[in-house]
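Biologist: Could you take me on a close look at one part of this model, please? I would like to start on the surface and then move to the core.

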Amino acid sequence: MKTKTLSFVIAIFFLTSCQSVRVIADYDKVAPFETYKTFGFHKEGVDRVEISDLDKRRILRAIEKALVEKGFTKSDTPDLLVNFFTKEQQRVNVQSTNIGGFGYGWGYGWGFGRGPFFGAQYTVSNSTQGTLYIDLIDTKRKELIWQGIGRGNLTTSVKYKDERINTFVRSILEEYPPKK
């Protein structure tokens, strides 16, 4: 019974850790956030982002949806220009497990056809850590007034890309406007 419970807890932890996005935000303390009502995208900046056009469109749609839900209107003469960029990093995760149950990480085990041995078993997995930066620029002042940064695991599955990108964008834009 303990094994089933432990497996369930590990599965829930794995699922929630893959879903989470760690967010930080920075902003100009004197920016008049309450006056911003419209937004547009910084085309030149978006064009420079080095990801597929499909992923760019996914991110643009997610940002537009989140801002509209916050009461903003998309405009050709916006109060705010929205820019974004991304970074990606491959991670190798190595986990040690004891074989024989003696101590942490090391133990006595039985080798395949070789008899007993003392050692550890390792599990190696790969993941891709992504970072999404969303910048909001005051068009009158021509200054960056807010930046949100989200970090988390990415998925390569087309089936889950929209959902993952929406999670990143929603998590980041939850921090806007800043609570002064």
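Modeller: Happy to! Let's begin with valine 94, which counts as exposed because its relative accessibility is 56%, above the 50% cut-off for that label. Keep in mind that this is a predicted model. Valine 94 belongs to strand E4, and together with Val92, Tyr122 and Val124 it makes a nonpolar surface patch of about 420 Å². Strands E4 and E6 each supply at least two residues of that patch.

Now for the inside. In soluble globular proteins, nonpolar side chains tend to be buried together. Here the largest nonpolar core has 28 residues, and those with the most contacts inside it are Ile63, Ile134, Trp146, Val169, Leu173 and Tyr176. At least two core residues come from each of these elements: strands E2 (38-41), E4 (80-98), E6 (115-138) and E7 (143-153), along with helices H3 (53-69) and H4 (158-173). E4 and E6 thus appear again, having each given at least two residues to the surface patch and at least two to this core.

Valine 169 makes a good spot to zoom in on. Setting aside neighbours within four places in sequence, valine 169 is in contact with Ile59, Ala62, Ile63, Ala66, Leu132 and Ile134.

One last stop is the loop between strand E3 (73-74) and E4, where aspartate 76 sits. Aspartate 76 counts as exposed because its relative accessibility is 82%. Its C-alpha atom is separated by 9.2 Å from that of phenylalanine 41, with their positions 35 residues apart along the chain.

Key. Residues are numbered from 1 along each chain as its sequence is written. This is a predicted model: local features need pLDDT of at least 70, side-chain atom pairs count only at pLDDT 80 or more; totals for chains, interfaces and linings use all residues. Side-chain values use heavy atoms; hydrogens and water are left out. A nonpolar core is a set of buried Ala, Val, Leu, Ile, Met, Phe, Trp, Tyr and Cys residues joined through side-chain atoms within 4.5 Å. Buried means under 20% relative accessible area, exposed over 50%, partly exposed in between (1.4 Å probe, protein chains only). Helices (H or I, at least four residues) and strands (E, at least two) are DSSP runs, numbered from the N terminus. Contact means heavy atoms within 4.5 Å. Patches are made of residues with over 30% relative accessible area and no salt bridge: like charges are joined within 9 Å, nonpolar side chains (Val, Leu, Ile, Met, Phe, Trp, Tyr) within 5 Å. Accessible areas come from the Shrake-Rupley method with a 1.4 Å probe; for residues, only the protein chains shown count as cover. A salt bridge is a side-chain nitrogen of Lys or Arg within 4 Å of a carboxyl oxygen of Asp or Glu.
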